[in-house]
Amino acid sequence: MAVNHEFYEAYLASGFDVRNRRVFLYGDINEANIGMLVKSLYILEANNAEKPIEIIISSCGGDEYEMFA
């Protein structure tokens, strides 16, 4: 299986990959993480509303209220 370095670079850098339309949510779910996720979704939607957006979640939990954002 080939390693996709772009995927990991985007994941480690900011949690946001514009070219491949991916948003990464990792760590505890809290106000900062959800804020980044929502901003990223708005940016991707503004760039091209027709293409799907992939959200990759790696979290053990966090704030229930923020999760529903």
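These questions and answers walk through a predicted model of the protein.

Reader: What pattern of helices and strands does the protein follow along its sequence?

Author: The protein has 3 helices and 3 strands. Of its 69 residues, 22% are buried. Read along the sequence, the elements follow the pattern α-β-β-α-β-α.

Reader: How much of the exposed area is supplied by carbon and sulfur atoms?

Author: The protein exposes about 5,200 Å². Of that area, the share from carbon and sulfur atoms is 56%.

Reader: What share of the contacts between residues at least 6 apart in sequence joins residues at least 24 apart?

Author: A contact here is a pair with heavy atoms within 4.5 Å. Among contacts between residues at least 6 apart in sequence, the share joining residues at least 24 apart is 51%.

Reader: Which element gives the largest share of the largest nonpolar core?

Author: Nonpolar side chains tend to be buried together in soluble globular proteins. In this model the largest nonpolar core has 6 residues: Val-23, Leu-25, Ile-29, Ile-34, Leu-37 and Leu-44. Two elements, strand S2 and helix H2 (31-47), give two or more residues to this core. The largest share, 3 residues, comes from H2.

Reader: How far apart are the end C-alpha atoms of H2, and what span is expected?

Author: H2 has 17 residues, and at 1.5 Å a residue it should span 24 Å. The expected span is 1.5 Å times one less than the number of residues. The computed distance agrees with this, because the end C-alpha atoms are also separated by 24 Å.

Reader: What arc do the buried residues of H2 cover around the axis?

Author: An α-helix has 3.6 residues a turn, so residues three or four places apart point the same way. In H2 the buried residues are Asn-33, Ile-34, Leu-37, Ser-40 and Leu-44. They lie on the same side of H2, because the arc they cover is only 125°.

Reader: Which exposed residues does H2 carry on the face turned away from its buried side?

Author: The buried residues of H2 are covered by elements that include S1, S2, strand S3 (54-58) and helix H3 (64-67). The face of H2 turned away from its buried side carries the exposed residues Glu-31, Ala-32, Lys-39, Tyr-42 and Ala-46.

Reader: Which residue has a side-chain oxygen that reaches the backbone nitrogen of Ala-32 at the start of H2?

Author: The backbone nitrogen of Ala-32 has a side-chain oxygen within 3.2 Å. That oxygen, at the start of H2, belongs to Asn-30.

Reader: Is Arg-21 buried or exposed?

Author: Arg-21 is found in the loop between strand S1 (16-17) and strand S2 (22-26). Although it is not a glycine, Arg-21 has a positive phi of about 55°. The cut-off for a buried residue is under 20% relative accessible area. At 6% relative accessibility, Arg-21 therefore counts as buried.

Reader: Which residue makes a polar contact with the side chain of Asp-17?

Author: Asp-17 lies in strand S1. With a relative accessible area of 8%, Asp-17 is buried. At 2.9 Å, its side chain makes a polar contact with the side chain of Asn-20.

Reader: How far is Phe-24 from Ser-40 in space, C-alpha to C-alpha?

Author: Phe-24 is found in strand S2. Its relative accessible area is 1%, so Phe-24 is buried. Phe-24 and Ser-40 are 16 residues apart in sequence, while in space their C-alpha atoms are separated by 9.5 Å.

Reader: Which residues are in contact with Leu-25, leaving aside its neighbours within four places in sequence?

Author: Leu-25 is one of the residues of the largest nonpolar core. Leaving aside neighbours within four places in sequence, its contacts are Asn-33, Ile-34, Leu-37, Ile-56, Ile-57 and Ser-58.

Reader: Which residues does Ile-55 contact, leaving aside its neighbours within four places in sequence?

Author: Ile-55 has its place in strand S3, and at 39% relative accessibility it counts as partly exposed. Ile-55 and Leu-25 are 30 residues apart in sequence and 7.3 Å apart in space, C-alpha to C-alpha. Leaving aside neighbours within four places in sequence, Ile-55 is in contact with Val-23, Leu-37 and Leu-41.

Reader: How far apart in space are Glu-64 and Ile-29, C-alpha to C-alpha?

Author: Glu-64 lies in helix H3 and is exposed, with a relative accessible area of 61%. In sequence, Glu-64 and Ile-29 are 35 residues apart; in space, C-alpha to C-alpha, the distance is 8.0 Å.

Note on methods. Residues are numbered from 1 along each chain as its sequence is written. This is a predicted model: local features need pLDDT of at least 70, side-chain atom pairs count only at pLDDT 80 or more; totals for chains, interfaces and linings use all residues. Side-chain values use heavy atoms; hydrogens and water are left out. Helices (H or I, at least four residues) and strands (E, at least two) are DSSP runs, numbered from the N terminus. Buried means under 20% relative accessible area, exposed over 50%, partly exposed in between (1.4 Å probe, protein chains only). A polar contact is a pair of N or O atoms within 3.5 Å; within protein, one must be able to donate a hydrogen and the other to accept it, and residues adjacent in sequence count only if both atoms are side-chain atoms. A nonpolar core is a set of buried Ala, Val, Leu, Ile, Met, Phe, Trp, Tyr and Cys residues joined through side-chain atoms within 4.5 Å. Accessible areas come from the Shrake-Rupley method with a 1.4 Å probe; for residues, only the protein chains shown count as cover. The arc is that of the directions from the helix axis to the C-beta atoms.
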